[in-house]
Protein chains: 2
Amino acid sequence: MLTNNRLVSTGRFTTRPLYLQVRDALASRIAGGEWKPNAAIPNEGDLAREFGVSSGTMRKALDLMEGERLLTRRQGRGTFVNDQSSDELAVRFSNIRAADGERVTGELKLLGISQASANPAECGRLRLRPDDKVWRIQQVRLHRGEPFMVEEASMPVSLFPGLDEQEAMPHRIVVLAQQYGILLGKGDERVSIGAASPSVAEALNLKAGGPILVLDRVVHNLDGHPVEWRLGMGHFADKYYLAEIG
Amino acid sequence: MLTNNRLVSTGRFTTRPLYLQVRDALASRIAGGEWKPNAAIPNEGDLAREFGVSSGTMRKALDLMEGERLLTRRQGRGTFVNDQSSDELAVRFSNIRAADGERVTGELKLLGISQASANPAECGRLRLRPDDKVWRIQQVRLHRGEPFMVEEASMPVSLFPGLDEQEAMPHRIVVLAQQYGILLGKGDERVSIGAASPSVAEALNLKAGGPILVLDRVVHNLDGHPVEWRLGMGHFADKYYLAEIG
DNA sequence: AAGTGGTCTAGACCACTCA
DNA sequence: GAGTGGTCTAGACCACTTG
């Protein structure tokens with residue numbers, strides 16, 4: 001229970017642990033833009049005093065947020081808000097590697113964007129109802145000038161209002177989410193074998209019907225609600241998909 | 001610095017943090033079989049007293065080990081050593097799912113096991129030298145009686161001495177590691193498209209040269225050293241590979 | 001009621017960074 | 001030398017499980 005940056009527990013009912021309430025309050029400062037990317041935030045002691053909790057509790061909240069990739073703490077320097085569009089973090093949902101092990105992100109070319117009512121597949125993957133609206137974005141990803149993956153992304157319009165009116169629309173969901181005050185958590189990606197459709201084959205200079213990898217990815221926010229569904233299709237002749245497991 | 005379950009810091013040189021020393025000591029009790037799978041271990045206070053640290057420090061060590069999947073803590077009940085061969089944990093490196101989302105582990109059929117000097121590929125993936133010995137194991141994985149994946153695994157003989165003399169050799173690396181006192185950490189898996197070799201095609205009832213998924217996986221111990229390299233090959237017509245990302 | 005882990009406190013001291 | 005996060009202590013109280 002949170003009132004004016006002061007956290008209280010009624011003592012009568014089971015309350016959300018203090019350190020989680022603190023985390024929520026701090027996270028909303030980041031999401032709301034009150035604390036900007038790369039900015040230093042007050043030190044542990046000051047924050048603890050401000051929220052009326054012990055420094056141990058504040059530390060637990062901050063440690064948790066570091067694990068959620070919202071903050072970076074550096075001994076002797078301070079605590080900083082992570083910039084989700086930094087080189088390091090912007091690629092965290094891209095798991096394609098070149099043969100030499102180097103991460104392949106490539107550049108994106110926008111093919112089209114449109115708005116529609118969610119189809120059954122989108123309803124299932126994004127947990128929407130049939131009358132909910134989605135953005136649909138088609139893109140091609142290039143590596144050294146060569147197209148290697150066709151992408152079809154869907155996002156709830158409710159989360160990204162006015163997306164098509166942006167002059168320079170960012171292509172990465174990570175950057176987009178930061179702009180719209182959405183804190184991203186984990187995603188899951190289904191990798192399977194498919195056959196190149198004529199349009200995919202043409203875009204990637206492949207033989208129609210030939211084998212391709214299909215990357216079916218859903219990215220969630222910190223609460224686990226779907227934010228983006230993306231279908232990626234490519235041959236990945238001299239590339240591989242890298243998963244960390246265990 | 002650890003002497004007779006008593007942890008001391010010299011104060012003069014930089015020492016490994018206490019909670020990490022405690023973690024190492026507790027982990028070696030599990031690896032060494034002193035604490036058996038599913039057994040309850042002493043409570044926080046008793047352990048803290050035994051090691052001469054505060055309960056906060058002991059808690060930090062225990063929390064860390066819970067994150068490493070060595071322990072499970074349950075409020076009101078106690079702290080328990082995880083059984084790595086339990087249904088829940090034994091499958092943690094298996095990421096194949098059926099079309100309905102159900103995890104597919106299947107049964108393993110052993111085709112052969114042999115010992116050899118590590119080839120260049122094994123040296124690279126397992127960080128061995130050319131004169132190091134490896135076990136090579138060939139298996140086929142069945143789902144509802146149907147073979148769907150051919151597996152070729154390599155493991156350092158130094159980690160698994162006498163492996164071929166076991167009467168009932170366990171197939172899962174997780175179970176094997178627990179028997180040999182190896183604590184597993186994370187793994188990485190490379191997923192790519194390949195073509196079915198004649199032998200693979202025959203084993204799986206596929207067309208030779210047809211597209212298959214190749215799963216190239218290395219499992220490490222808690223220190224990050226490679227324990228097993230496995231190549232899995234299959235078509236996965238009605239299955240997909242699921243990766244958790246972010 | 002007894003025992004467990006989970007939360008929370010209010011400090012101390014250390015290691016690191018930077019002006 | 002001042003300021004930061006990292007480690008560590010020695011408790012208290014709460015929530016949960018079990019006999």
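This report walks through a predicted model of two protein chains with DNA, from the overall arrangement down to single side chains.

**How the two copies relate**

Let's start with the pair of protein chains. A turn of 180 degrees with a shift of 0.0 Å along the axis lays chain A on chain B, and the RMSD is 0.0 Å. The two copies are therefore related as by a two-fold rotation axis. Both use the same surface: 100% of the contact residues of chain A recur in chain B.

**The surface near DNA strand C**

Next comes the DNA. There are 20 residues around DNA strand C, and A:Leu18, A:Ser54, A:Thr57, B:Gln75 and B:Thr79 come nearest. Of the strand's atoms that come within 4 Å of the protein, sugar and phosphate make up 75%. The table gives three distances between phosphate oxygens of this strand and protein side chains.

| Side chain | Partner in DNA strand C | Distance |
|---|---|---|
| A:Thr57, polar atom | phosphate oxygen | 2.5 Å |
| B:Asn43, N or O atom | phosphate oxygen | 2.9 Å |
| A:Lys60, N or O atom | phosphate oxygen | 3.1 Å |

Which elements give two or more residues to this surface? In chain A they are α1 (18-31) and α3 (55-67), and in chain B they are β4 (71-74) and β5 (78-81). Sorted by class, the residues near DNA strand C are nine polar, seven charged and four nonpolar.

**Salt bridges**

Side chains of opposite charge can pair when their charged atoms come close. Over all chains, the count comes to 34 salt bridges. A good one to look at in chain A joins the side chains of A:Glu44 and A:Arg73, with 2.9 Å from N to O. A:Glu44 sits in helix α2 (residues 44-51) and A:Arg73 in strand β4 (residues 71-74), so this pair ties together parts of chain A that are 29 residues apart in sequence. Are these two partners buried or exposed? Both A:Glu44 and A:Arg73 are buried.

A:Arg73 also forms a salt bridge with A:Asp63, where the closest N and O atoms are 3.4 Å apart. Here strand β4 of chain A, which holds A:Arg73, is linked to helix α3 of chain A, which holds A:Asp63, and the two residues are 10 apart. A:Asp63 has a relative accessible area of 35% and so counts as partly exposed.

In chain B, B:Asp63 takes part in a salt bridge with B:Arg59, at 4.0 Å from N to O. Both residues belong to helix α3 of chain B and are four residues apart, about one turn of the helix. B:Asp63 is partly exposed at 34% relative accessibility, and B:Arg59 is partly exposed at 37%. Back in chain A, salt bridges with shared partners join A:Arg16, A:Arg23, A:Asp24 and A:Glu68 into one network.

**A buried arginine in chain B**

Now for a closer look at B:Arg230, a residue of strand β12 (residues 226-234) in chain B. Why does B:Arg230 count as buried? Its relative accessible area is 5%, and the class takes in values under 20%. The side chain of B:Arg230 makes polar contacts with two glutamate side chains: B:Glu151 at 3.3 Å and B:Glu189 at 3.5 Å. Leaving aside residues up to four places away in sequence, B:Arg230 also touches others, including B:Arg141, B:Met149, B:Leu215 and B:Asp216.

**Two backbone angles to check**

Most residues other than glycine have a negative phi, and most peptide bonds are trans. Two residues of chain B are worth a glance in that light. B:Asn38 has a positive phi, near 75 degrees. B:Asn38 is found in the loop between α1 (18-31) and β3 (40-41) of chain B, and at 54% relative accessible area it is exposed.

B:Arg69 is not a glycine either, and its phi is positive at about 65 degrees. The loop that holds B:Arg69 runs between α3 (55-67) and β4 of chain B. With a relative accessibility of 31%, B:Arg69 is partly exposed.

Notes. Residues numbered from 1 in each chain as written. Chains lettered and ligands numbered in written order. Predicted model: local features only at pLDDT ≥ 70, side-chain atom pairs only at ≥ 80, totals over all residues. Heavy atoms only, no water. Buried < 20%, exposed > 50% of the residue type's maximum accessible area, 1.4 Å probe, protein only. Polar contact = N/O pair within 3.5 Å; in protein donor to acceptor, adjacent residues only side chain to side chain. Contact = heavy atoms within 4.5 Å. Near = heavy atom within 4 Å. Nonpolar A, V, L, I, M, F, W, Y, C, P; charged D, E, K, R; others polar. Least-squares fit on C-alpha atoms with pLDDT ≥ 70 in both.
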